[in-house]
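User: Hey, can you walk me through this protein? I'm new to this, so plain words please.
Analyst: Sure, have a look at it and then we'll go through it bit by bit.

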Amino acid sequence: MKFILGLFSFSYLFLIGVAIAITALVVVFQMPNTLDTPREIQIKRGMGTRDIAAMLQDEKIIINAYPFMLGSKVKNSAKPLQAGEFLIPAGVNISGVLDILQNGKTIQRKFTIPEGKTSWEIVQLLKNNEFLEGEIENTPPEGSLMPDTYFFAKGEARMEKIARMQDAMNNFTNDQDEKKLDDLPLNTMEEVMILASIVEKETSVASEYAKVAGVFINRLRKGMPLQTDPTVIYGITKGQHKNDGKGPLGRRLLIKDLRKDTIYNTYTRTGLPPTPICNPGRGAIDGVLNPGIHDYIYFVADGTGGHAFGKTLAQHNANVAKWRKIRSKQ
């Protein structure tokens with residue numbers, strides 16, 4: 001009889017102990033963290049629940065690792081903890097942290113590559129992005145990177161971003177109808193990219209892409225030199241443009257620059273330069289494949305951000321005179 005009473009007492013105490021332990025776990029599970037401000041954390045691929053719990057405890061995001069590990073087995077157990085970068089609010093409890101990590105509400109980081117940047121300039125932008133990792137071994141070929149906005153997670157490799165931009169450019173160019181080349185003085189998509197890069201550097205007005213492309217198409221058909229300043233600049237800089245607010249050369253383009261012969265100088269040479277001079281966007285490429293049909297062979301800035309077009313040298317000279325008056329007042 002004493003044995004039975006002793007066993008009953010032990011079982012009773014055991015159940016009380018379990019109840020107290022469960023209650024304590026529930027209390028800790030619902031207890032808010034002590035953060036004063038939201039905190040960014042990164043769950044790397046391959047981290048186990050124990051590693052994640054220890055990291056969260058070290059970062060003061062959870063009060064204790066064990067309730068978190070237990071909760072991950074019980075709360076939405078079918079949903080694993082996600083890898084990625086997360087923003088944890090101040091005052092959230094373990095239950096809330098599990099919701100964030102299990103539902104994959106990751107931080108979305110992004111960078112934007114503007115149209116017309118050279119490959120060297122794009123490499124510098126990626127190198128200066130503190131959230132990316134790894135070295136870029138070589139500068140990619142000019143014209144191989146698609147300008148766009150790209151999303152990424154902290155810690156991704158810079159070379160992965162280069163590959164993504166190259167894939168985007170390849171996919172876009174491969175989707176183009178090469179039969180359009182039959183109506184153009186261009187033989188390959190590579191030549192389309194070269195002319196598109198020139199168009200991109202000559203105008204930042206999307207509505208002018210096709211019109212400016214039409215001017216260069218007309219010049220190519222007539223055997224006239226393209227006479228475009230950006231190609232001269234590229235021949236001097238090889239795309240390593242200065243960024244001091246004084247233009248890509250760090251100074252104004254001079255007459256002597258136009259006369260200095262390089263393989264990129266379209267004043268001293270006819271036809272296209274050997275490679276693109278920047279990375280054109282979709283609009284410039286489309287403008288070259290679908291150029292404006294007109295008789296213009298000249299254009300110059302008009303002071304509004306766009307250009308004035310001329311069919312004859314006399315018209316062009318008049319437009320240049322207007323532009324010089326505008327520039328002298330600036």
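**Around α9**

Analyst: Let's start just past helix α9: the residue that follows it, Lys238, has a positive phi, near 55°. Keep in mind that this is a predicted model.

User: Okay. And how many residues of α9 are buried?
Analyst: Seven of its nine, so α9 is mostly covered. The buried ones are Pro230, Thr231, Val232, Ile233, Tyr234, Gly235 and Thr237.

User: What do they pack against?
Analyst: The buried residues of α9 pack against α7 and α10.

User: Switching topic: what's the volume of the largest pocket?
Analyst: About 1500 Å³. Its lining is made up of 41 residues, and those nearest the centre are Glu202, Asp229, Pro230, Leu253 and Tyr267. You've met Pro230 already, as one of the buried residues in α9.

User: Which elements give two or more residues to that lining?
Analyst: Those are α7 (189–202), α8 (209–222), α9 (229–237), α10 (255–259), β5 (298–301) and α12 (313–329). The largest share comes from α12, which gives six residues.

User: How does the lining divide into nonpolar, polar and charged?
Analyst: For the largest pocket there are 21 nonpolar, nine polar and eleven charged residues.

User: And the second largest pocket, what's its volume?
Analyst: That one is about 310 Å³. It is lined by 18 residues, with Gln42, Gly84, Ala153, Lys154 and Glu156 closest to its centre. Here the elements that give two or more residues are strands: β1 (39–43), β2 (84–88) and β4 (149–152). The lining splits into six nonpolar, five polar and seven charged residues.

User: Let's leave pockets. Which residues touch the most other members in the largest nonpolar core?
Analyst: Met165 and Leu186, in a core of 43 residues. Two or more residues come from each of α5, β4, α6, α7, α8 and α11 (282–289). There's also a second, separate core of 20 residues, which includes Leu35, Met55, Ala65 and Leu101.

User: Why would nonpolar side chains be buried together?
Analyst: It's a general tendency: in soluble globular proteins, nonpolar side chains tend to be buried together.

User: Back to Met165. What is it in contact with?
Analyst: Leaving aside neighbours within four places in sequence, Met165 is in contact with Phe111, Ile113, Ile122, Leu126, Ser144, Leu145, Met146 and Tyr150. Two of those, Ile122 and Leu126, are also among the buried residues of α5 (residues 119–127), along with Ser119, Glu121 and Val123. The buried residues of α5 pack against β3 (109–112) and α6 (158–174).

User: You mentioned β3. Which of its residues are on the covered face?
Analyst: Arg109 and Phe111, while Lys110 and Thr112 make up the uncovered face. Strand β3 pairs with β4 in the antiparallel sense, over four bridges. In that pairing, Thr112 stands opposite Thr149 of β4.

User: Last one: where is Gln176, and is it buried or exposed?
Analyst: Gln176 sits in the loop between α6 and α7. It counts as buried because its relative accessibility is 17%, and the cut-off for buried is under 20%. Leaving aside neighbours within four places in sequence, Gln176 is in contact with Met189 and Leu289.

Methods. Residues are numbered from 1 along each chain as its sequence is written. This is a predicted model: local features need pLDDT of at least 70, side-chain atom pairs count only at pLDDT 80 or more; totals for chains, interfaces and linings use all residues. Side-chain values use heavy atoms; hydrogens and water are left out. Buried means under 20% relative accessible area, exposed over 50%, partly exposed in between (1.4 Å probe, protein chains only). Contact means heavy atoms within 4.5 Å. On a 1 Å grid over the protein atoms alone, a cavity is a set of points where a 1.4 Å probe fits but cannot get out, and a pocket is an open set with protein on both sides within 12 Å along at least five of seven lines; lining residues have an atom within 4 Å of a point. Grid points are joined across faces, edges and corners, and a volume is the space filled by probe spheres set on the points. Ala, Val, Leu, Ile, Met, Phe, Trp, Tyr, Cys and Pro count as nonpolar, Asp, Glu, Lys and Arg as charged, and the others, Gly among them, as polar. A nonpolar core is a set of buried Ala, Val, Leu, Ile, Met, Phe, Trp, Tyr and Cys residues joined through side-chain atoms within 4.5 Å. Two strands pair if DSSP finds at least two bridges between them.
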